[in-house]
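I opened the notebook to check nonpolar packing, surface and cysteines. My notes follow.

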Amino acid sequence: MCLSFKESEMFLSSEYEKIKMSDIAKQMGMSNGILFVYFRTKEALFLSLLCREYEKRLAHLTEMAKEMPIRNFVDFKCLVMNELTELVDRTPLYIRLESLRTAELVPIICDGNQLTPKDVMDILQAEASIITGCKLSATLPAEVIGIIEQHGLDGLKRDFKSEVLSTMNCYVDGYKSNIKAI
């Protein structure tokens with residue numbers, strides 16, 4: 001089941017906590033029961049919508065990258081800035097969904113401890129970068145893996161999970177020591 005723009009517009013115009021599944025079902029012209037068959041919770045519906053918007057963003061960025069040759073860092077920066085401009089100008093739903101996701105999470109994490117919203121955002125942004133970087137370095141073509149195994153070069157093998165966890169652990173420890181130093 002896919003939400004149309006009309007139904008997803010609720011996430012643009014309403015506060016997340018005020019959106020009710022019954023309102024979404026009504027907007028879609030279906031019963032609550034049918035909607036719950038497809039989405040057991042509002043969170044599941046929200047994540048489905050976010051994934052759909054992310055897929056559209058990724059497809060568009062891929063097309064932009066194919067059309068624009070990246071010869072150097074300046075070209076890459078131009079691609080990123082063009083995509084960001086289009087993202088901000090043309091995809092208010094994606095922007096809203098991303099901000100809702102963060103807005104829901106940050107207060108929960110900050111409640112009752114010494115972390116600030118800025119700390120949480122810095123760490124979550126670093127986490128996304130670490131995941132991406134480690135995944136890229138751990139994803140070797142089958143041909144390269146074959147050569148590594150054939151020659152017993154096990155030291156060149158990458159373990160995505162352990163590298164992500166180790167890198168994130170170092171980052172958070174460094175972040176924490178920088179907070180204390182301030």
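I began with the surface of this predicted model. I looked up the nonpolar patch there: Ile-70, Phe-73, Phe-76, Val-80, Met-81, Leu-84, Val-88 and Ile-95 form it. Together these residues have about 720 Å² of accessible area. I then asked which helix gives the patch its largest share. Helix H5, residues 73-90, does, with six residues. I picked out Leu-84, which sits in helix H5. Leu-84 counts as partly exposed because its relative accessibility is 39%, and partly exposed runs from 20% to 50%.

Next I went inside. Nonpolar side chains tend to be buried together in soluble globular proteins. I found 19 residues in the largest nonpolar core. Phe-11, Met-21, Ile-24, Leu-35, Leu-45, Phe-46 and Leu-97 touch the most other members. Helices H1 (5-13), H2 (21-28), H4 (42-67) and H6 (92-110) each supply at least two residues of this core. Another core lies apart from it, made of six residues, including Ile-123, Ile-130, Met-168 and Tyr-175.

I went back to Phe-11 and left aside neighbours within four places in sequence. Phe-11 contacts Tyr-16, Ile-19, Ile-24, Leu-45, Phe-46, Leu-49, Leu-93, Arg-96, Leu-97 and Leu-100.

Last, I checked the cysteines. How many disulfides are there? The count is zero. For Cys-134, the nearest cysteine sulfur is that of Cys-170, 11 Å away. A disulfide needs the sulfur atoms within 2.5 Å, so this pair does not qualify. I noted Cys-134 as buried because its relative accessibility is 8%. Cys-170 is exposed, at 53%.

Key: Residues are numbered from 1 along each chain as its sequence is written. This is a predicted model: local features need pLDDT of at least 70, side-chain atom pairs count only at pLDDT 80 or more; totals for chains, interfaces and linings use all residues. Side-chain values use heavy atoms; hydrogens and water are left out. A nonpolar core is a set of buried Ala, Val, Leu, Ile, Met, Phe, Trp, Tyr and Cys residues joined through side-chain atoms within 4.5 Å. Buried means under 20% relative accessible area, exposed over 50%, partly exposed in between (1.4 Å probe, protein chains only). Helices (H or I, at least four residues) and strands (E, at least two) are DSSP runs, numbered from the N terminus. Contact means heavy atoms within 4.5 Å. Patches are made of residues with over 30% relative accessible area and no salt bridge: like charges are joined within 9 Å, nonpolar side chains (Val, Leu, Ile, Met, Phe, Trp, Tyr) within 5 Å. Accessible areas come from the Shrake-Rupley method with a 1.4 Å probe; for residues, only the protein chains shown count as cover. A salt bridge is a side-chain nitrogen of Lys or Arg within 4 Å of a carboxyl oxygen of Asp or Glu.
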